[in-house]
Structures are given as structure tokens and as C-alpha cells.
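Work through the exercises below with the model open. Try each task before reading its solution.

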Amino acid sequence: ADWSTRPLPDAWLEYAALDVVHLIDVRDALVAELAERGKTEFARQEFAAVLAREPKATREDPWRRLSGLHTVRGRRALAVARALWTAREEYAREQDVAPGRLVPDRALVAAIRADPASKHALAGVKEFTGRASRSQLDRWWNAIQEGRAATDLPPDRLPSTDTIPPPRAWPDRNPAADARLKAARPAVEARATELSMPTENLLTPELLRRVAWAPPDEITASAIGRSLESLGARAWQIDQTAQIIADAFVESVQSSSTAADGAS
């Protein structure tokens, strides 16, 4: 359903109300269940972390999230993508409508790839669809021309802020880190199973990867705990995983040494 519709139909309002009518009862049931399972403190720390969490920084070049943009080649074409995305965002704000309801991402990308020579040619791109694709044709054509005339061409891609390569590259890039991760991951998963919770609730995979890639100099539970804390892990998560991770890291070193001795 298009929830930007105004006014909202009565049936939709009732549907929205039914989404929350039972939440107080659910809250009471969860309070009891958390207490029964000894997880009240876990929940308290999680709620506090949510309240204290800093807003995410504004994404650089948000237009790069256009679905299908990876098929667009060349900096000039990317400048057109940026201009079209911006034009759609501005019009969506004016109309108080989700941008994708006006012209879907795939339609914008189709227009960019078609590289029309004129407004008439743009109108002839059959994949350029959406309820505002033709009614606002002047707007989209002006954006295309603006992108083509731009002098501040965007780079083909933004430099990655994540210095850790994907785990599939670890065996070649950092075999020791690969061994640590492969030893620690199943141990953390087993602990999550014991606690009857998803592994990512116990410790997000990103935190485990980071501490496996760059562990503290001293592999102890307290040192691992400090590393996890600096990465944003909550105290209860550290209590439940630091020793397990430290043991797994030590085991990975011992296993590697045994394998090396056998090979020699």
C-alpha cells in the first residue's frame, strides 16, 4: 500500500492501530519471560544502548544507493545519475510522496543507460516508467542536461572506510586472523544457542571479525573484553563472550603450531 496516500482510508488507520493495540500486553509478557530466563539485565543494557546511540552520519553521496547503479559506467553518466536522483528527491519532498513512487530506481537507471539525445527520445524509453515519468518529463530532461554539463564529476567509486577485507580473502591476506575467526565463530554460535538467542544478538559478526583481524597483544579475556568494549559491545555481551573468544584464539595458535610442526 502507498502510505503516502492522503487522507489515509479508514481501513488503513484501523490496520495501523491494530499493529500496536496489543503492545502493552506483549511488553508485560516479555518482562516476565526475560526475568524467568535471567536476561533482564541483558535487555536493560540493550535498551540503554539504543537510547544513547548517536545518529548515523549523513551518508556521503546518497544517490549512489540507486538500485542498479552498478550497471552505469563512466563519471559523466554518474553525474547524470546524481542529477536525476536529486531532482526526484526534491519533487518527492514537494509532493510528500516516496521517491520510488514517482519514478522507480530501475527507471532512472534505464534512462541513464539509454543516454537519450532529446526529451522526445527520453519519452520513448519504454523502461522509463512511473507515475511521474511523463507528467514531469521536463524536470527529468533538465536533470539529464544538468548532469551532462556538470564540471564536478563524481569519482567512479568512493574509497572504502572499512579497512578489513571480506573474510573470504583472509586465508591469503591474513592466515592467522582467518584461523582465529574460524575458531571463535562456532564457539560464539554455540554460546548463543545455549542462551536461546540469535548469534548476532549475542555479538554482532562485525565485532567478532574486527577483534579477530586485529586482536590485542595479550590474548586474555580481559584484553579481549577491552577490545570489544572499544568497538561498542555491551557489558553483558563481553561477559558472555570474552573468555570464549580468548580461548578460541589461543586454540587457533596452538592448532597452527601443531600443523606447522607436522609439516616440518
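Helices (H or I, at least four residues) are DSSP runs, numbered from the N terminus. This is a predicted model: local features need pLDDT of at least 70, side-chain atom pairs count only at pLDDT 80 or more, and totals for chains, interfaces and linings use all residues. Residues are numbered from 1 along each chain as its sequence is written, and side-chain values use heavy atoms, with hydrogens and water left out.

**Exercise 1. Find where Asp-61 lies, then check its phi and its exposure.**

Step 1. Asp-61 sits in the loop between α3 (40–52) and α4.
Step 2. Its phi is positive, about 50°, although Asp-61 is not a glycine.
Step 3. Asp-61 has 21% relative accessibility, so it counts as partly exposed (buried is under 20% relative accessible area, exposed over 50%, partly exposed in between; 1.4 Å probe, protein chains only).

**Exercise 2. Repeat the analysis for Asp-115.**

Step 1. Asp-115 belongs to the loop between α6 and α7 (119–123).
Step 2. Asp-115 has a positive phi of about 50° and is not a glycine.
Step 3. Asp-115 is exposed, at a relative accessible area of 51%.

**Exercise 3. Determine what Arg-113 touches beyond its sequence neighbours.**

Step 1. Place Arg-113 in helix α6 (residues 105–114).
Step 2. Leave out residues up to four places away in sequence; Arg-113 then touches Thr-71 and Val-72 (contact means heavy atoms within 4.5 Å).
Step 3. Arg-113 and Thr-71 are 42 residues apart in sequence, and their C-alpha atoms are 8.2 Å apart.
Step 4. The Arg-113 side chain reaches the backbone oxygen of Thr-71 at 2.8 Å.
Step 5. Arg-113 is exposed, with 53% relative accessible area.

**Exercise 4. Describe the packing of α4 and α8.**

Step 1. Two packed helices are described by the angle between their axes and the distance between the axes.
Step 2. Helix α4 (residues 75–95) packs on helix α8 (residues 137–149) at about 145°, with axes 7 Å apart. Axes are lines fitted to C-alpha atoms, for helices over the stretch in contact; angles run from 0 to 180 degrees between N-to-C directions.
Step 3. Residues that meet include Ala-83 and Tyr-91 in α4, and Trp-140 and Ile-144 in α8.

**Exercise 5. Identify the cis peptide bond.**

Step 1. The cis bond joins Arg-6 and Pro-7, with omega about -5°.
Step 2. Pro-7 is in the segment before α1 (10–18).

Notes. Helices (H or I, at least four residues) and strands (E, at least two) are DSSP runs, numbered from the N terminus. A polar contact is a pair of N or O atoms within 3.5 Å; within protein, one must be able to donate a hydrogen and the other to accept it, and residues adjacent in sequence count only if both atoms are side-chain atoms.
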